[in-house]
Amino acid sequence: MKQSKRSIILKSICIIVLLGWTLFPVYWMLSLSIRVDKELISSLSLIPQSFTIDHFISIFVKNNFAVAVMNSLQITLISLAFSLFFGLACAYILARARFRYKLKGAMLFWVLLVRIIPPIAFALPLYIMMNNLGILNTKIPLILSHILINIPFIIWFMISFFASLPEEIEESAEIDGATEFQLFMRIVLPLVLPGITAVAILSFMTSWNEYLYGVIFVQSPSNFTIPLSLATLNSEQELAQWGSIAAGGIVSLVPIAIFVIFAQNFLIQGLSSGAVKE
């Protein structure tokens with residue numbers, strides 16, 4: 001009995017420490033965003049001694065942060081939709097090996113190679129291609145580069161989910177007259193909904209926070225994403241606007257938090273309804 005109480009207390013302490021370690025940066029960023037400039041340039045206390053929302057107003061009025069938010073949403077959602085469409089289809093085909101020649105090993109190798117190569121390695125060839133097509137300094141290069149980043153990850157993440165499904169379920173659906181498309185959309189995808197939700201969350205976060213390709217392909221402020229917009233706040237007049245940067249960081253967390261909360265509901269539904277009934 002004493003050991004169980006001690007283990008409960010120990011687990012509670014560990015959870016509190018981990019939560020504090022994880023949430024403190026968010027708290028500190030929020031505390032910086034609501035302090036006045038005078039307090040920011042002086043010695044900072046753990047608890048804010050002043051309160052203001054001027055930094056939030058400033059990033060939207062002076063820095064046109066709303067445009068960056070809309071650009072990030074458009075680029076992230078469009079790239080995520082295409083990545084899931086092609087990634088899920090490729091993962092299902094590779095998991096079931098539905099092709100004549102034995103190329104599965106080679107194809108998986110190339111998918112893995114694209115995934116593990118540093119993104120900067122693709123920057124020069126992508127830049128040349130986008131320049132030749134005349135689409136630099138638009139949202140299209142960012143969308144294409146995000147698709148390039150996410151598709152290999154989706155394929156590798158989802159192959160195990162598709163491979164773990166009993167083939168008898170698909171065979172029964174085919175006997176009942178289901179086409180390949182109906183089988184994939186109505187039978188297979190609902191059963192792997194938890195995996196789709198998880199990979200969608202991770203891919204969304206990858207695209208939302210991507211900075212490298214943005215700084216290479218985009219120069220116009222009208223096409224800036226949130227990371228690019230925040231970077232300009234850090235270098236303007238060689239003075240870091242810590243209050244505005246912190247406010248922008250808090251604003252950038254909101255869509256991710258909403259997306260994760262929304263996706264978690266579908267994750268729970270998928271876990272409860274994805275069981276196979278005999």
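This report walks through the fold, the core and the largest pocket of a predicted protein model.

## Overall fold

Welcome to a protein built on helices: there are 13 of them, alongside zero strands. Following the sequence from start to end, you meet the pattern α-α-α-α-α-α-α-α-α-α-α-α-α.

How do distant parts of the chain come together? Taking contacts between residues at least 6 apart in sequence, 70% join residues at least 24 apart.

## Surface and interior

The protein has 278 residues, and 37% of them are buried. Its accessible surface comes to about 17000 Å², with 71% of that area belonging to carbon and sulfur atoms.

Inside, the largest nonpolar core brings together 58 residues. Within this core, the residues that touch the most other members are Leu-88, Met-158, Phe-162 and Tyr-213. Leu-88 is a good place to start looking: leaving aside residues up to four places away in sequence, Leu-88 touches Ser-83, Ile-154, Met-158, Phe-162, Phe-184, Leu-189 and Ile-196. Two residues from the list of best-connected core members, Met-158 and Phe-162, are thus among the contacts of Leu-88.

## The largest pocket

Now turn to the largest pocket, which holds about 320 Å³ of space. It is lined by 16 residues, and those closest to its centre are Asp-37, His-55, Gln-241, Gly-243 and Ser-244.

Which helices each supply at least two residues of this lining? They are α2 (37-40), α3 (54-61) and α13 (242-273). Sorted by class, the lining has seven polar, five nonpolar and four charged residues.

Definitions and conventions
Residues numbered from 1 in each chain as written. Predicted model: local features only at pLDDT ≥ 70, side-chain atom pairs only at ≥ 80, totals over all residues. Heavy atoms only, no water. Helix = DSSP H or I, 4+ residues; strand = E, 2+ residues; numbered from the N terminus. Buried < 20%, exposed > 50% of the residue type's maximum accessible area, 1.4 Å probe, protein only. Contact = heavy atoms within 4.5 Å. Areas by Shrake-Rupley, 256 points an atom, 1.4 Å probe, with all protein chains shown as cover. 1 Å grid on protein atoms, 1.4 Å probe; cavity = no way out; pocket = protein on both sides within 12 Å on 5 of 7 lines; lining within 4 Å. Points joined across faces, edges and corners; volume = space filled by probe spheres on them. Nonpolar A, V, L, I, M, F, W, Y, C, P; charged D, E, K, R; others polar. Core = buried A, V, L, I, M, F, W, Y, C linked by side-chain atoms within 4.5 Å.
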